[in-house]
Amino acid sequence: MTSAPKLLFADPKGRVMEHPYLLATLRSGEELVPPQDKPIPLPSAGRLVHLPGRLPVGLHPDTGELELVRQMNVGGKSFVPNAVGALLPPGYTRTFLPGEVKGDGPVLPQWAYTAAAWVKDGPVAWAIHTDRRSHWDPERYSTPDMKALVDAHLKRFPDNRVLKQLKTCALLYRCFTSQNTFYVRDEAAIPASVMCNARCVGCISDQPADGPPASHERMDDGPTAEEMGAIGLFHLENAQGRTMVSFGQGCEGEPLTRWKFIAESIRYMRARTQKGSININTNASLTKGLEALLDAGLDAVRVSLNAATKGLYEAYYKPVKYGWEDVEASIALARERGAYLALNLLLFPGVTDREGEVKALERLVKKYRVDQVQTRSLAIDPLQYLEAARDVGAGGEPVGVRTLLQRLKAARPGIIIGNFARGLEERENAAGRG
């Protein structure tokens, strides 16, 4: 780093500026802390964003004191500043949150806000480049031919409810996994469920009236097994690259609530091809349903969780008619049946890396020989998550996100730490094989 990291702030129009002398601060859970660890240059596909109604907190370089910035004067105009953070492209995991406190503003939109600052060479962000594979490069998505590809696929499968949902996701939300379905490459989405048996605080497809706007519109008409099977079969037989289809998307509920239909669709696919991989992204709540999918030919399971402790898990997921014990039973089943086992770890600096939470995650990956941890920076208003996580789960001081990942690697030698699912050919040396 060529200079001290200056505090960023934004004016009411969202224009980002550096503070004349204050340094940036970072948030780790409930605490605001001075700059530490090493930031990275903001990736080319990343961007700076303002946090409406959040006041920036800076560090005075001479006194070392924290200063709340309530007012700024720029060009003769005085205004209340907004804090600034960064949004990172796929493949990066944040290590700290922006240093800010709540002013007079709404619940923030659902993004994974990352601490950012300005140095002599430009903007920096506190993050780790955790997956350097390039097939999820944003430049490969939302290309000019996307609309034509969507139309062509819809002509192949007219009136298919899977594609009806994915059209919206690909064109409006620019979801990479849904776009892959139309590009016919890599990991493709098969949304299946309108229902969910969890009430996640940060759900991106269903929010209460007083919550932030949902990032996605949930599908409202569950497809048949034949509709799902037809889309999956076409992809498995024709896709290039890491050929995979995945049930369980951000635009739906919990796929295991429709396990009978999904099992039938998997049997439909596997009766016609043995190519590629069939994966489910799930909260792992219904062990009986997961068993049926494994019987049908499911070969990869990615379990979403924010913690490996009952208290913190249930405070965030707010499960309905299931609990953490069911999640762990499903993880055990997936390992017993030889599926590729990944955790989708919803990571939040200062909470996920508490000493007690780290120990619980170490136990989980070691006991069940987890193949991969896919780090996922939790997209939520930081203060909203802190309220849910306060005084629940395991305690202890935060050890830092970088140390958390190092300890998971030590607890489970050979484990993959990354952000993207691995295809069949990439799993040969996975930790859980053999």
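This dialogue walks through strands, sheets, helices and backbone angles in one predicted model.

Student: What should I keep in mind about the numbering and the kind of model before I read any feature?

Tutor: The model is predicted, so local features need pLDDT of at least 70 and side-chain atom pairs count only at pLDDT 80 or more, whereas totals for chains, interfaces and linings use all residues. Residues are numbered from 1 along each chain as its sequence is written, and side-chain values use heavy atoms, with hydrogens and water left out.

Student: How do β1 and β2 pair, and what lies between them?

Tutor: Strands of a sheet pair through backbone hydrogen bonds, either parallel or antiparallel. Here helices (H or I, at least four residues) and strands (E, at least two) are DSSP runs, numbered from the N terminus, and two strands pair if DSSP finds at least two bridges between them. In this structure β1 (residues 6-10) and β2 (residues 16-24) are antiparallel over 4 bridges, with L8 bridged to E18 of β2. The two strands form a hairpin with 5 residues between them, and G14 in that turn has a positive phi of about 90°. β2 also pairs with β7 (residues 54-59) in the antiparallel sense over 2 bridges, where L23 has L59 as its bridge partner.

Student: In what order do the strands of the sheet that runs from β18 to β24 stand, and which are at its edges?

Tutor: This is an open sheet of 7 strands with parallel pairing, in the order β18-β19-β20-β21-β22-β23-β24. β18 (185-190) and β24 (416-418) each have a single partner strand, so one side of each is left without a neighbour in the sheet. With axes taken as lines fitted to C-alpha atoms, for helices over the stretch in contact, and angles running from 0 to 180 degrees between N-to-C directions, neighbouring strands of this sheet are turned by 25° against each other on average, direction ignored. At one edge, β23 (residues 372-377) and β24 run parallel, joined by 3 bridges, and V373 has I417 in β24 as its bridge partner. Helix α9 packs on this sheet, touching β21, β22 and β23, and its direction makes about 170° with that of β22; contact here means heavy atoms within 4.5 Å.

Student: What is the order of the strands in the sheet that contains β3?

Tutor: That open sheet has 3 strands, in the order β4-β3-β13, with antiparallel pairing. β4 (31-33) and β13 (97-98) are its edge strands, each pairing on one side only. β3 (residues 26-28) is joined to β4 by 3 bridges, and S28 has E31 as its bridge partner in β4.

Student: How do α9 and α11 pack against each other?

Tutor: Two packed helices are described by the angle between their axes and the distance between the axes. α9 and α11 (residues 401-411) pack at about 30°, with axes 9 Å apart. That makes α9 roughly parallel to α11, since angles under 35 degrees count as roughly parallel, over 145 as roughly antiparallel, 65 to 115 as roughly perpendicular and the rest as oblique. In this contact E355, V358, K359, L361, E362, V365 and K366 of α9 meet L404, R407, L408 and A411 of α11.

Student: Which residues of α8 are buried, and what covers them?

Tutor: Buried means under 20% relative accessible area, exposed over 50% and partly exposed in between, with a 1.4 Å probe and protein chains only. In α8 the buried residues are W324, V327, E328, S330, I331, L333, A334 and R335, and their cover includes α6 (287-296), β21 (300-305), α7 (310-317), β22 (340-347) and α9 (355-367). In α7, L312, Y313, A315, Y316 and Y317 are buried, and what covers them includes β21, α8, β22, α9 and α10.

Student: Where are R369 and D391 found, and what is the sign of phi in each?

Tutor: Most residues other than glycine have a negative phi, and most peptide bonds are trans. R369, although not a glycine, has a positive phi of about 50°; this residue is found in the loop between α9 and β23 and is partly exposed, with a relative accessible area of 36%. D391 likewise has a positive phi, near 65°, and is found in the loop between α10 (382-389) and α11, where at 78% relative accessibility D391 counts as exposed. Just after α7, K318 takes a positive phi of about 45°, and G338, which follows α8, has a positive phi near 80°.
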